[in-house]
Amino acid sequence: MAKLQEMTRKKSNYKNNIAKIAVISLLALQFGFINQSANAKPTIQTQLKDWPKINSPIKSDAATEAKIKSIISTMTLRQKIGQMTQAEIRYITPKEVQEYYIGSVLNGGGAWPAMNKHASLDDWVALSDAFYDASMKTDMKNPIPIIWGIDAVHGNNNVYGATIFPHNIGLGAAHDAKLVGEIGAATARAVRATGIQWAFAPTLAVVQNQRWGRSYESFSNDPYQVREYGYEYIKGLQGDLKQDGTVLGSAKHYMGDGGTKDGINEGQNYSSRLEMINKHGQGFYGALSAGVQNIMATYNSWDNSALGDTAGKIHGNHELLTEALKQKMGFEGFVVSDWNGIAQVKGCANDHCPQSINAGVDMVMVPEDWKAFIDNTTKDVEEGRIPMSRIDDAVTRILRVKMQMGLWDIKPSQSKYAGKIDTAADQELARRAVRKSVVLLKNNNSVLPLAPNKKVLVIGNSADNISNQTGGWSVTWQGNENTNEDFPNATSLLKAIKAQIGEGNVTYSIDGKGVNPKDYSAIIAIVGETPYAETKGDLRFPAPLSYSSRFGDEIANIERLKGQGTPVISVLYSGRTLYTNDLINASDAFVAAFLPGTEAQGISDLLFKGKDGKIKYDFSGKLSFPWPSDACPPATNEPYGNYKPLFNANYGLNYSQKTNIGKLKLDKRETCQK
Ligand code: GLC
């Protein structure tokens, strides 16, 4: 057994270990060592043969179950279905929450109290109290407190002035599971500051194709890293769900959202069952092992040939939502559908889908059409299309979680975190996370770190652009309708550099036109993708994965300034790994910063020596996805035939490594062929 334990999970590249896993698994199978109760910190990477039983640390108890049973026995059918309904705050009032016995509300990205983008924490808390009070004033024999869910996916990113942490793709590069837990805990406190009790996080996609518009929401393409981070994030976010300052987490999107063909958002996942079980399920095993009590169903479909399914949408898939999750893995919490996700099930609509509820969805996210949903679903039960036992099971699960959270005990404003955020502490944590999440890919002739007392020229579309720095899900859903004024506490990299070396040493010109590079000791080009979320971020085949095919001005500006004796340091903000050979060739040093959030000081900490001329902070980030070597890489960008990535996952330089990169081949393809 000791031998087997050696395979303690390291920051390994999943693919490289698969062969070893196969051997270990055969040995383990032979001696019966397979660890089927896949806890969050796998000691050996096993090839699971079926959905594993998970021992959750948060379990129900007889007293709770008895209480739930007695409450349900006093509920009418409409009260039960109201409890299963989640409406969006733009389309429901507290009065209607009371009248229709609504169990939950959410705010989508870009929705704030009174639709005021700059709403204060007190505004959020007041609205949360209003919904809570309304839910407790219904004419039910036993009123049930409402629960409000929010997409706090990199800090409480919806709230004006909140600290925004690096998106998950950067946290994956930090390779620091403890840090992920700290960020989960900080996010929970920031969510409680608004009076809200539920964060729709973390995304546990194991992304295969960087074309996916949600690649940045994924930690890694290594399922074991995703599993460990799912565990730590939920531990941080939820604790035991009983403490003030923790919130309900939502492991999403269950499952296989990161494995669709061509990375098409909400598309078709053609994985085998074993692939689903051993790759796309791993993040959920981690989160479940930490006690996550909510799972969000995924939009994508799964073409489960073993079941003879024709790419059924998972919102209607009984095998995954009930047999696998609830029966085999033993999940006692509740499943929420995604935004109008039920409508994607064959024969369903936004306001009507008995198939989805029968498949295992317990709470329906029906933002606008919630009244019709309640009417239609009531009829479904009355006319036998949904058995009452399924309704009772769904309501039992919802009540169980609300009781575990103690929602009856305090109203939102009574939390000691309500209306308060420890911004200084959050900014310090975020800055540390940024330092650990950015990756040094090139540093020819050790041009970095820079001296702190020389003149630098800063250029680029992202030097002073907080939106490009934070990406999607930042104040708004897409993140592209904001200005720097919408991030009052944020620090752009330009601002951070000025603070680091003094304003007098910094010249900023977005395109560097009319500037003589010879006047400077270094040129820092800060370039990036513009923000996107979900489908709007998809890079649909046959588009190339090259940065410059979409942002040609940036490379043109750098080309104009390079090679005149002043070194060029490029910093790229991106939601995914991209083909950037032209940028890398034009730069003496190249940093992949992904989407660092509001605290760009974490990058300037690394770029410059301290005032004493010594290295204060060194790079430690290592890619959690491979970096493409051409504009049209294979789907997973892993070695394939004579293709190999420019940099493998786990690649990243630090200042002790004297690695020079020669000229890279250029691939100017504007479209890719299959
Ligand atoms: C979105 C996303 C999901 C999010 C939900 C609520 O469509 O798929 O991640 O939690 O809707 O905003």
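**Notes on the domains, helix packing and backbone of this model**

1. Let's start with the layout. The domain assignment splits the protein chain into domain 1, made of 77-271 + 291-423, and domain 2, which covers 426-607. Keep in mind that this is a predicted model. Taken over C-alpha atoms, the centres of domain 1 and domain 2 lie 33 Å apart.

2. Now for the contact between those two domains. Domain 1 puts 45 residues into the contact and domain 2 puts in 46 residues. Together they bury about 3,700 Å² between them, and carbon and sulfur atoms account for 55% of that area. Which three residues of domain 1 supply more of its buried area than any other three? They are Ile164, Arg211 and Tyr216, with 19% of the area that domain 1 buries against domain 2.

3. Next, a helix pair worth finding on screen: α8 (residues 177-192) and α16 (residues 423-437). Their axes are 11 Å apart, and the packing angle is about 150°. Angles over 145 degrees count as roughly antiparallel, so that is the label for α8 and α16. The crossing of this pair is left-handed.

4. Who touches whom there? From α8 come Leu179, Glu182, Ile183 and Ala186, and they meet Asp426, Leu429, Arg432, Ala433 and Lys436 of α16. Sorted by class, the contact of α8 with α16 has five nonpolar and four charged residues, with no polar ones.

5. Helix α3 (residues 62-73) packs on helix α15 (residues 388-404) at an angle of about 125°, and the two axes are 10 Å apart. That angle is outside the range of 65 to 115 degrees for roughly perpendicular and not over 145, so α3 and α15 are oblique to each other. The crossing of α3 and α15 is right-handed.

6. On the α3 side of this contact you'll find Thr64, Glu65, Lys67, Ile68, Ile71 and Ile72, and α15 brings Asp392, Val395, Thr396, Leu399, Arg400 and Met403. By class, the contact of α3 with α15 comes out as six nonpolar, two polar and four charged residues.

7. The last pair is α10 (residues 273-280) with α11 (residues 282-289). Here the axes are 5 Å apart and the angle is about 45°, so α10 and α11 are oblique to each other. Met276, Ile277, Asn278, Lys279 and His280 of α10 make the contact with Gln282, Phe284 and Tyr285 of α11. The classes for α10 with α11 are four nonpolar, three polar and one charged.

8. A couple of peptide bonds deserve a look. Which form does the bond from Tyr254 to Met255 take, cis or trans? The model has this bond as cis, with omega near -15°. Met255 sits in the loop between β5 (251-254) and β6 (268-269). Leu448 and Pro449 are also joined by a cis peptide bond, with omega about -5°. You can find Pro449 in the loop between β12 (439-443) and β13 (456-459).

9. One more backbone item: Tyr101. This residue is not a glycine, yet its phi is positive, at about 55°. To locate Tyr101, go to the loop between α5 (94-99) and β2 (104-107).

Terms used:
Residues numbered from 1 in each chain as written. Predicted model: local features only at pLDDT ≥ 70, side-chain atom pairs only at ≥ 80, totals over all residues. Heavy atoms only, no water. Axes fitted to C-alpha atoms, helices over the stretch in contact; angles between N-to-C directions. Helix = DSSP H or I, 4+ residues; strand = E, 2+ residues; numbered from the N terminus. Parallel < 35°, antiparallel > 145°, perpendicular 65-115°, else oblique. Left-handed = near helix turned anticlockwise from the far one by under 90°. Contact = heavy atoms within 4.5 Å. Nonpolar A, V, L, I, M, F, W, Y, C, P; charged D, E, K, R; others polar. Domains from an automatic or database assignment. Buried area = accessible area lost by both parts, 1.4 Å probe.
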